[in-house]
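Open the structure in your viewer and keep a selection box at hand. The stops below are meant to be taken in order.

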Amino acid sequence: MKNTYSIWPAIKRSVSLLLLIAGFLVSVKAQETGDFFMQVQQAQKTHLQEKLYLHLDKNSYVAGETIWFKIYCTVGVENLLSNGSKVVYVELIGADQRKAKLIKIPLHNGLGVGDIALPDTLTEGSYRLRAYTNWMRNDEAIYFFDRTLAIGNGRSDQVFTQTTWEPTEQGGRYKLELRNFAQVPIINTDVNMTFTLDGKILQNAKVRTDGLGKTMVNLDHRLIQADMAYSFQTNGRTIRKLVKPLTTKGLPDVQLLPEGGKLLAGFENRIAVKVVNSRGLGEKAILVFCLGQDTLAQISTNALGMGATPIQVPAVGTVEVIARFSDGKQQPVLFPKIYTSGHAVILDTLQKGQRMLRLHTSSDLVKGQQLHVTVQHLGQVFFHKTVSVTETEIMLQLPTTNFPQGVLTCSVLDDHFLPIAERPFFHEKNSVGELFSIALSKAQYGLREQVDVGLQLRQDSVKGRIGAFSATVIHLGKIAAADTTNVPNILTSLLLSADLKGFIERPEYYLDGHRIRTTDLDYLVLTQGWRKSDWWSLATMSTPRFAAEKGLAIRGYLRKLGQKAPVPKGTINLVPSSNMLDVQAVYSDQKGYFEFADLQFPDSSHFMLYAQDAKGKKRVRFDIWADSLAEVGFNRNWPLEQNDVNRAYQQELKLAQAYFAQLARVGLKDDAILLDEVLVQRKRNKASLRSQNLNGRGNADFVFNAEDFKGYGFLGSAIYDQIGGTFKGWNLDMEWPPLAIFFLDGRILDAELAENIPPDAIESVEVLRSSVYTGLYGVGVHAGNEDRVIFVLTTKVGRGNLAKAPDRYGSISVSPQGLYFGTAYYKPTYAVENNPAAYQDLRTSIHWEPSIVVNKSGKTSFQFFTSDEPGTYRIIVEGLDMYGNLFRQQKDITVKR
């Protein structure tokens, strides 16, 4: 498969410049140093890093709301907008490690917008909003955009839970307390529990709440790390919850990390420390380093559990380290290995605009040999100097004029270009925050008053400056206190998370658009940015596995009918149902492989594929590839996961309920009637036990079984007689609705085959119409004047051969997931709609403006209306200019009655 855009090879992120040079090691010995680094630079230009940031309208959500976002896709440490990937995959991942939603967003010049509607039936919990391009999959998944969001549910789940964990000799126990939104205990109720670990069910259990709504379950050691899913009935509804094992016991983990990777005896070294508790959060501590009775050094960590100190490393003796914690406990800490021969570095990063490197070498290695000092970012070299080792200490001033802002690495290579020391650091450029500003005509506004927000981007005296921005406005009185911390922004995501491993606690603490905490940021990079270069792996580097996508693709293999043998040089025609004249043709290769690449089509599109072999015969079959998606994997932000989200966000849930009620009054949101009907049907649950409904058995708008089909010769007629009148575009002359999609025993089925299925072969039919259920299939609800609908058909036992009915020779229908082009954000305009009696404006998110452009004039503006609630409103604007400068500004206004 042709790779049309090379921007990041399939190598581990821990590999920096040293990975890129390994491929040249064989030939470099005969080359001059300058030629070598020129080759490195040329290689880097075709192996750029791609990274993503999603700006959200707010920081937590409830079921029934919509997540609105703007995508920024940049390349390299300079953060220039990418012209590589044109498709971004955005996933909402549940606490159960399953993808609750997947959409594909088109990118234009590195920018995109999208939204995810949260269904009323979503289980409360900590969700991950993850985004990546296909090209980013060549790197480790921990460098995808990945953000943990708390999502509560006050629509179908109106229950507050309180979960307490207690250790016991046998293992531990969970204590549960269940209350409704009126704080009334849910008493004398059976609770069904399932314990799973790595997708395997370990044990089922049943308990019952007492007269106070409390219960408990005992766990042995085998179940301590398992997820606990439980369900119960209340007010005729089934409520489902999930508890993650979030233990908080045990001593903190203390890590000591030498600067540059090694401690060299007889020299001053710098050593960093990171202290985290069992929840992965930083914890303050004091570390004392002793040699016998002498104290060599002491570190008092910051509030995030990090610190560093210089230390004179002894050539003889044992260094003992004691860590003391705020609760009075203490523990010994293993001191890192001390080397008597080798190299070590100390880099002064705290003097603004200056970088002084001290390179220490043990006396046995002082032989006048050459070492190469470089400053680089993933192979892009910004400084190089060759030095001769003629003494044990070499001091070198690093010029910073051409250094970009971000995480860079100072690498020291020997005369064979092999690494001997590396020191990552964050380089701070002169503040660019002053280039961008927000202007308001006043600081105080009334209810339903228009606010004009002016934006100004200071222009360069030589060349124009164009910027892309997005803005959100939130009511500070309607967000949880937890939503003001551990909140990433465009600076922290593109400058830190894209280059540092592991969880970054409180990223906004380091970079908020107004200031940079230089010392604390250096602690972070010292403890999470150091990389041991696995550079030998580049010796076998090949073409990247994942290409940068310019569009979508329909691909697969053409095979002989009834065989696995390929059909080479076959002709395949692709015909979209939306335009039968727009035909594309390709040929299969010697292995039968074919691909229609760089396609641009919306979600819910349908295509027909027609094929014939080289002799014009149609006795061929298709083997269509499903989308290749990234696995869910580990959540790098796992310390932010929490249980009992409804309880933690109960005030936000009540505010959202009031807001939804107002929307329902004026027809802007469905009320709970449809949901209640669905829940009643779930209680009956006529769906087959073998149903492969992606929403779960019986989770559908309508469910029919064999009893409903008696006396009918056509399946579609049986269903039409019961619900056909509720469909647009479906009449008695049609067997099925015109935009129907069929799944038979989990396999998509051609509409023509669906017309011929005998009713007596079907055990159940589940009808999916609302977005609550069609969303998992990537299908929109409406298309023009007609309704989309999915029929999930399950055959009776012994009649499954229907699912294997062959397609017509040489043809097949396909409905691949297409691009999602988003919906419009509702913006009230009270110059026209100003009747408070008709509608009370209780917006939880005041305004969202995703597509702001500042042209060479340097100015632009947007407007919004305040709601019916006074308080403090915060305007947050983020974005970047065409030169990769990142901006974040915020301004508060006061709204009074």
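This tour of a predicted model goes from cavities to single residues, a sheet and a hairpin.

**Stop 1: the largest cavity**

Searched as a whole, the structure holds 8 cavities of 30 Å³ or more. Begin with the largest, whose volume is about 270 Å³. Its lining consists of 20 residues, and those to select for the view from its centre are Asp146, Pro488, Ser493, Ser497 and Asn637, the closest to that point.

Next, colour β1 (50-56), β9 (145-152) and α4 (490-497), each of which supplies at least two residues of this lining. Which of these elements gives the most to the lining of the largest cavity? It is β9, with 4 residues. Colouring the lining of the largest cavity by class shows 11 nonpolar, 5 polar and 4 charged residues.

**Stop 2: the second largest cavity**

Move on to the second largest cavity, with about 130 Å³ of space. Select Lys58, Ser60, Glu65, Lys478 and Glu652, which are the closest to its centre of the 14 residues in the lining. At least two lining residues come from β2 (60-62), and at least two from α7 (650-665). The class colouring here gives 7 nonpolar, 2 polar and 5 charged residues.

**Stop 3: glutamine 662**

Stay with helix α7 and select glutamine 662, which is placed in it. Is this glutamine 662 buried or exposed? Its relative accessibility is 10%, so glutamine 662 counts as buried, the cut-off for that being under 20%. Show what surrounds its side chain and backbone: apart from neighbours within four places in sequence, glutamine 662 is in contact with Tyr839, Gln840 and Leu842.

**Stop 4: proline 119**

Now select the loop between β7 (111-117) and β8 (125-132), where proline 119 is found. With a relative accessible area of 23%, proline 119 is partly exposed. What does proline 119 contact, once neighbours within four places in sequence are left aside? The contacts are Ala63, Gly64 and Val772. Add serine 771 to the selection and draw a distance between C-alpha atoms: serine 771 and proline 119 are 652 residues apart along the chain, and the separation is 7.5 Å.

**Stop 5: a four-stranded sheet**

Switch to a cartoon view and pick out the open sheet of 4 strands, ordered β21-β20-β23-β24 with antiparallel pairing. Why is one side of β21 (294-300) and of β24 (330-333) left without a neighbour in the sheet? Both strands stand at the edges and have a single partner strand each, so nothing in the sheet pairs with the other side. Looking across the sheet, the twist from one strand to the next averages 20°.

Zoom in on β20 (residues 285-291), which pairs with β21 in the antiparallel sense over 6 bridges. To find one matched position, select leucine 287 and its bridge partner in β21, isoleucine 299. As background, strands of a sheet pair through backbone hydrogen bonds.

**Stop 6: a hairpin**

Last, select β12 (residues 190-197) and β13 (residues 200-208), antiparallel strands joined by 8 bridges. Methionine 193 has alanine 205 as its bridge partner in β13. Then follow the backbone through the turn: the hairpin of β12 and β13 has 2 residues between the strands, and aspartate 198 takes a positive phi near 55°.

Key: Residues numbered from 1 in each chain as written. Predicted model: local features only at pLDDT ≥ 70, side-chain atom pairs only at ≥ 80, totals over all residues. Heavy atoms only, no water. 1 Å grid on protein atoms, 1.4 Å probe; cavity = no way out; pocket = protein on both sides within 12 Å on 5 of 7 lines; lining within 4 Å. Points joined across faces, edges and corners; volume = space filled by probe spheres on them. Nonpolar A, V, L, I, M, F, W, Y, C, P; charged D, E, K, R; others polar. Buried < 20%, exposed > 50% of the residue type's maximum accessible area, 1.4 Å probe, protein only. Contact = heavy atoms within 4.5 Å. Pairing = 2+ DSSP bridges. Axes fitted to C-alpha atoms, helices over the stretch in contact; angles between N-to-C directions.
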